[in-house]
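Q: I should like to understand the words used to describe a structure. Please set each value against its definition and then conclude.
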Amino acid sequence: MARDANRRRAVRKLAVIGLEEVYLFAGFVFAGFAVQSARDRSNPRRFGTAAFWGLFSTSFLLGSHLPDSANGALALALVLLGGFHALGKGGERTTSEADRRASATEYGNALFVPALIIPATALLGTVALKNVAPGGMPFIDAKQATLISLALGVAIAWIVALLWLRPRLLAPLDEGRRLMDTIGWAAVLPQMLASLGAVFALAGVGRAVGLVFAHYIPFDHAFTAIAAYCIGMGVFTAIMGNAFAAFPVMTAAIGLPLIVHKFGGDPAIMGAIGMLSGFCGTLTTPMAANFNIVPAALLELPDRYAVIKAQLPTAILLLAANTILMYVLVFRFGAHHA
Amino acid sequence: MLTLLGVGVVVLGFLIRINPLLVIAAAAFVTGWAAGFGPVAILVAFGKAFNESRYVSLVFLVLPVIGLLERYGLQERARMLVARIPAATPGRLLVAYLALRQMFSAVGLVSIGGHAQMVRPLIAPMAEAAGEKRGAELSSGARFRIRAYAASADNVGVFFGEDVFIAIGSILLIKGFLEQSGVVVQPLELSLWAIPTALMALAIHGTRLLLLDRWLATQTAVVPSESSP
């Protein structure tokens, strides 16, 4: 464990800003949410809320230096706090709708500028900043360019907005907390699901599902194999919440042995359309919480599954389209036919 | 086969709407137990993965900035902007966003967009304003459906745009896995063969977004606004 932490520290020193610095920034922001929640007497569950974001903050500040068992206990504590309704909603220390309309007229379209600094910095960072190395040490860790640029963009936009709009110094934290409270415990769902995915992988759930598909479905015709592969990618992705987990399993069970080797299909076409069939599954599942559940909370929708319901017909039609596309293309095109 | 019990726990838990955090924890322990791990080993594996996937939660860093701009009327400004465009409808606006999101993703710019950065502060209010423009007040059902579709446009756009870019994670995973199995393919081939599905996604979801306008028209016809001229 200690050696692991040392290795991580050594990797960090290869760039001025690495992922660890971004985690520290996030840790301080979440700590700010926790402190402001604890001080908010209008939140009926202010200490539960503060404990939740405090633990979340601890994970970002110290997670790299804690043993795995401590991180596991921390995750379990978050589950218990979130699962048993320890979180409440704080009072909204924000402006009224009339204030906002007046302010929107006063500041005009310039209000979009700080919001657009974030994607603009992400773009610039991903394209250009990767190669900047003053004095030989890279400014950012190129492997994490997207995430680091996102954090840099937030920091720049934060400073610009503070200097320009001159709110109370703690206003960004209170406004951030207002949005965070609308998401609540669902905010940690994506990370929890990623962890469940790791336990699934460790236990060999993927292999078991692959066996089920390979053993119980007859494949005497190329179309059956293709339909089983595409639909299997969709369904398995929906179960795991992630097409990356489904792809190796389904491709090893059906894709390569049947579509490529037995029926002579092109592996590039199979792989490309197979992965995209998995993405159809992503559209349908609460397991892909960051795409489907967190946005429903963020948009203050009363139905947790509203985004999934909006996507479900598209997912089904597109999965059917993928199956037909693969059947039409995989045997006729591509550079890999034997 | 016993390891599939955890999958059953997840499906059942989501179906009967138990708190998902409790479902996940239960599924992790059932799966680990079925595979012969002790509770401590499961906790260690879970904690390690939780720590290593912290990057997923970094998106929440944008909330203070977005919240602050909302305080000064960002959503209202986005609404005002749309109110000036006579041709804007929720469906057309979301089709435009879907197409742009796909195009940006196809050239590797997946970070332009996103639910916290774009959909909540800009796209959803714009689509709602486009729906309100025809004089009728939106019912809360209509409002919620427009928002849900705004989120769906972002998801469909990025999912079925990003694979057209050769250096995205999923393309590299396909290449890597096929290579391990002795089949060498080029990233360019993979991204080329992602294009037919990308076009189908635009056609299917684009059509559904335009049908949203038709649905909204039936909604406002049933409940006419008393204040419209």
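Q: What do the buried residues of helix 3 of chain A pack against?
A: They pack against helix 2 (19-38) and helix 4 (68-83) of chain A, together with helix 3 (39-52) of chain B. Packing rests on contacts (two residues are in contact if their C-beta atoms, placed from the backbone, lie within 7 Å). The model is a predicted one, in which local features need pLDDT of at least 70 and side-chain atom pairs count only at pLDDT 80 or more, while totals for chains, interfaces and linings use all residues. Residues are numbered from 1 along each chain as its sequence is written, and chains are lettered from A and ligands numbered from 1 in the order in which they are written.

Q: Which residues of helix 3 of chain A are called buried?
A: The buried residues are Thr49(A), Ala50(A), Phe52(A), Trp53(A), Phe56(A), Ser57(A), Ser59(A) and Phe60(A). A residue is buried if 20 or more other C-beta atoms, placed from the backbone, lie within 10 Å of its own, exposed if 12 or fewer do, and partly exposed in between.

Q: What makes the span of helix 3 (residues 46-62) of chain A agree with expectation?
A: A helix is a DSSP run (H or I, at least four residues, whereas a strand is E, at least two), numbered from the N terminus. Its expected span is 1.5 Å times one less than its number of residues. For the 17 residues of helix 3 of chain A this gives 24 Å, and the end C-alpha atoms are 23 Å apart, which agrees.

Q: Why is helix 9 of chain A called largely enclosed by the rest of the structure?
A: Of its 15 residues, 14 are buried, so helix 9 of chain A is largely enclosed. Its span also agrees with the rule: 21 Å is expected, and the end C-alpha atoms are 21 Å apart. Just after helix 9 of chain A, Gly204(A) has a positive phi of about 80 degrees.

Q: How many residues of chain A are in contact with chain B?
A: 112 residues of chain A are in contact with 93 residues of chain B. Helix 9 (residues 189-203) gives the most to this side of chain A, with 13 residues. By class, the side of chain A that touches chain B has 82 nonpolar, 24 polar and 6 charged residues. Here Ala, Val, Leu, Ile, Met, Phe, Trp, Tyr, Cys and Pro count as nonpolar, Asp, Glu, Lys and Arg as charged, and the others, Gly among them, as polar.

Q: Why is Glu300(A) called partly exposed?
A: Glu300(A) has 14 other C-beta atoms within 10 Å, and is therefore partly exposed. This residue is found in the loop between helix 14 (289-298) and helix 15 of chain A. Its phi is near 55 degrees, a positive value in a residue other than glycine.

Q: What is Arg17(B) counted as, buried or exposed?
A: With 11 C-beta neighbours inside 10 Å, Arg17(B) counts as exposed. Arg17(B) lies in the loop between helix 1 (5-15) and helix 2 (20-34) of chain B. Although Arg17(B) is not a glycine, it has a positive phi of about 60 degrees.

Q: What is the radius of gyration of chain B, set against a compact globule of 229 residues?
A: Chain B has 22 Å, whereas such a globule would have a value near 17 Å. The radius is taken over C-alpha atoms, and the globule rule is 2.2 Å times the number of residues to the power 0.38. The conclusion is that the value for chain B does not match that of the globule. The C-alpha trace of chain B spans about 70 × 45 × 35 Å along its principal axes.

Q: Which domains does the assignment give for chain B?
A: It gives domain 1 (2-52) and domain 2 (59-222); such bounds come from an automatic or database domain assignment. The C-alpha centres of these two domains of chain B lie 32 Å apart. There are 11 helices and 0 strands in chain B.

Q: Where in chain A is confidence lowest, and where is it highest?
A: Confidence is expressed as pLDDT (the predictor's confidence in each residue, from 0 to 100). In chain A it is lowest in helix 1 (residues 2-12), at a mean of 46, and highest in helix 15 (residues 306-329), at 97. The mean pLDDT of chain A is 89, and 95% of its residues reach 70 or more.
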